[in-house]
Amino acid sequence: MKHNESAERDFYCIVNLSHIKRLKGYTIYLDNGEELLLTQKRVSDFKEKMNRYFHER
């Protein structure tokens, strides 16, 4: 296993959903201009949780 594969697999980020400007493909665009990439494996779960958050507001 290569070093970057391990780091990529072990990297997690907590995002305050109220700071999400938009989601396009696998990229989350935040209101401060930052962009975060989602893995293909996690994108559907994230979209579900994000949609639930915005529908409950």
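Two strands count as paired if DSSP finds at least two bridges between them. With that in hand, welcome to this predicted model, in which an open sheet of 3 strands runs in the order β1-β2-β3 with antiparallel pairing. Helix α2, residues 40–56, packs on that sheet, and the largest nonpolar core has 9 residues. The average pLDDT of the protein is 82, although residues 1–8 stay under 50.

**The sheet**
- The edge positions belong to β1 (20–24) and β3 (35–37); each has a single partner strand, so one side of each is left without a neighbour in the sheet.
- From one strand to the next, the twist averages 20°.
- Strand β2 covers residues 27–30 and pairs with β3 in the antiparallel sense over 3 bridges.
- If you would like a residue pair to look for, Tyr29 has Glu35 in β3 as its bridge partner.

**Helix α2 on the sheet**
- Helix α2 touches β1 and β2, and its direction makes about 140° with that of β1.
- The length of α2 makes a friendly sanity check: the expected span is 1.5 Å times one less than the number of residues, so the 17 residues of α2 should span 24 Å, and the 25 Å between its end C-alpha atoms agrees.
- Val43, Phe46 and Met50 are buried in α2.
- The buried residues of this helix pack against β1 and β2.

**The nonpolar core**
- The members of the largest nonpolar core are Leu17, Ile20, Ile28, Leu30, Leu36, Leu38, Val43, Phe46 and Met50.
- Two or more residues of this core come from each of β2 and α2.
- Helix α2 gives the largest share, 3 residues.
- Leu38, one of the core residues, touches Leu23, Tyr26, Ile28, Val43 and Phe46, leaving aside residues up to four places away in sequence.

**Confidence**
- A pLDDT of at least 70 is reached by 81% of the residues.
- Among the elements of the protein, β2 has the highest mean pLDDT, 94.
- The lowest mean among the elements, 48, belongs to helix α1, residues 3–10.
- Over residues 1–8, where pLDDT stays under 50, the model has 2 contacts beyond four places in sequence.

Key:
Residues numbered from 1 in each chain as written. Predicted model: local features only at pLDDT ≥ 70, side-chain atom pairs only at ≥ 80, totals over all residues. Heavy atoms only, no water. Helix = DSSP H or I, 4+ residues; strand = E, 2+ residues; numbered from the N terminus. Axes fitted to C-alpha atoms, helices over the stretch in contact; angles between N-to-C directions. Contact = heavy atoms within 4.5 Å. Buried < 20%, exposed > 50% of the residue type's maximum accessible area, 1.4 Å probe, protein only. pLDDT = per-residue confidence, 0-100. Core = buried A, V, L, I, M, F, W, Y, C linked by side-chain atoms within 4.5 Å.
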